[in-house]
Amino acid sequence: MNTFYFPDLSADIVALDEDESKHAVRVLRMKIGDQLMLVDGKGTRAFAEVSDDHPKRCVLQITERKSETTGRNFKLHIGIAPTKNIDRLEWFVEKATEIGIDSVALLNCHHSERAIVKVERLEKVAVSAIKQSQQSWLPEIQEVVAFEKFIASIPANAQKFIAHCAEGKKMILKNELKPEGEIFILIGPEGDFSKEEIELALENGFKAITLGERRLRTETAALVAVMSVNLLAE
């Protein structure tokens, strides 16, 4: 069943925006009476049928709703320094959304190669990913924030990890992580976190971790972290 995103599923009759209407009617050739699925990104899944197949304003009659959880006993938050090539960051958001993540925070670090990101574009990528994977929960994409400010905003009782390439004692994520509660993992830029950033994180209760023996690109390291947490929870 084709899946569409609609942010408010409280009404019994809804109209898709022009882009989604065109996709439904022109591309998928949906007509009056055809059925489809809607998700709102906040845990609601609805089933509906087309009542007006206009290509600029496709109207739907909702026939059933159900509330869903993420299916996880934890909330996973990744703090990542935006990549110079924005396509790589979009790739990470897409794949992480498909696998399971609750929020992505964009960190402005000392060695960051990009300080400006169009969050709206990343949100569209995430929306496309939940539609493709038929999920009802949409991760939050946060605006670029200073590394220091983000560190200060994290709850004291959260599980906190920082992956870096500098010398020093590091733990293996799977040996330290409990798949429950709030989990924060920090992934640095291609030039890694600065010495001062690593020290600040450690002073604020973060544990230094390794994601393996190979040196990974920023987006690859972030995805490995997401996969590791979700696999541990299974």
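**View 1. Arginine 45 and lysine 66 sit across from each other in a strand pair.** In this predicted model, arginine 45 has lysine 66 of strand E5 as its bridge partner. Zoom out a little and you see the two strands this pair belongs to: E4 and E5 run antiparallel and are joined by 10 bridges. They also make a hairpin, with 2 residues between the two strands. If you're wondering what holds such neighbours together, strands of a sheet pair through backbone hydrogen bonds, either parallel or antiparallel.

**View 2. Strand E3 lines up with E4.** Here we look at E3 (residues 35-39) next to E4 (residues 44-54). These two are antiparallel as well, with 5 bridges joining them. To find your way around, pick out glutamine 35: its bridge partner in E4 is glutamate 49.

**View 3. Strand E2 pairs with E5.** The pairing of E2 with E5 is antiparallel and covers 3 bridges. One handy landmark is valine 14, whose bridge partner in E5 is leucine 60.

**View 4. Put the strands together and you get an open sheet.** In what order do the 5 strands of the sheet lie? Reading across, the order is E1-E3-E4-E5-E2, and the pairing is mixed. At the edges are E1 (3-5) and E2 (13-15), each of which pairs on one side only. The sheet isn't flat like a board, either: neighbouring strands are turned by 40° against each other on average, ignoring direction.

**View 5. Two helices pack on the sheet.** Helix H1 (residues 18-27) touches E1, E4 and strand E5 (57-67). Compare directions and you'll find that H1 makes about 165° with E1. Helix H3 (residues 119-133) packs on the sheet too, touching E1 and E3. For H3, the angle with the direction of E1 is about 150°.

**View 6. Helices H2 and H3 cross.** Now move to H2 (residues 86-99), whose axis comes within 8 Å of that of H3. The two axes cross at roughly 35°, and the crossing is right-handed. Which residues of H2 meet H3? They are Leu89, Glu90, Val93, Glu94, Thr97 and Glu98. On the H3 side, the residues they meet include Leu122, Val125, Ala129 and Ile130. Sort the residues of this contact by class and you get 7 nonpolar, 3 polar and 4 charged.

Key
Residues are numbered from 1 along each chain as its sequence is written. This is a predicted model: local features need pLDDT of at least 70, side-chain atom pairs count only at pLDDT 80 or more; totals for chains, interfaces and linings use all residues. Side-chain values use heavy atoms; hydrogens and water are left out. Two strands pair if DSSP finds at least two bridges between them. Helices (H or I, at least four residues) and strands (E, at least two) are DSSP runs, numbered from the N terminus. Axes are lines fitted to C-alpha atoms, for helices over the stretch in contact, and angles run from 0 to 180 degrees between N-to-C directions. Contact means heavy atoms within 4.5 Å. A crossing is left-handed if the near helix is turned anticlockwise from the far one by less than a right angle, and right-handed if clockwise. Ala, Val, Leu, Ile, Met, Phe, Trp, Tyr, Cys and Pro count as nonpolar, Asp, Glu, Lys and Arg as charged, and the others, Gly among them, as polar.
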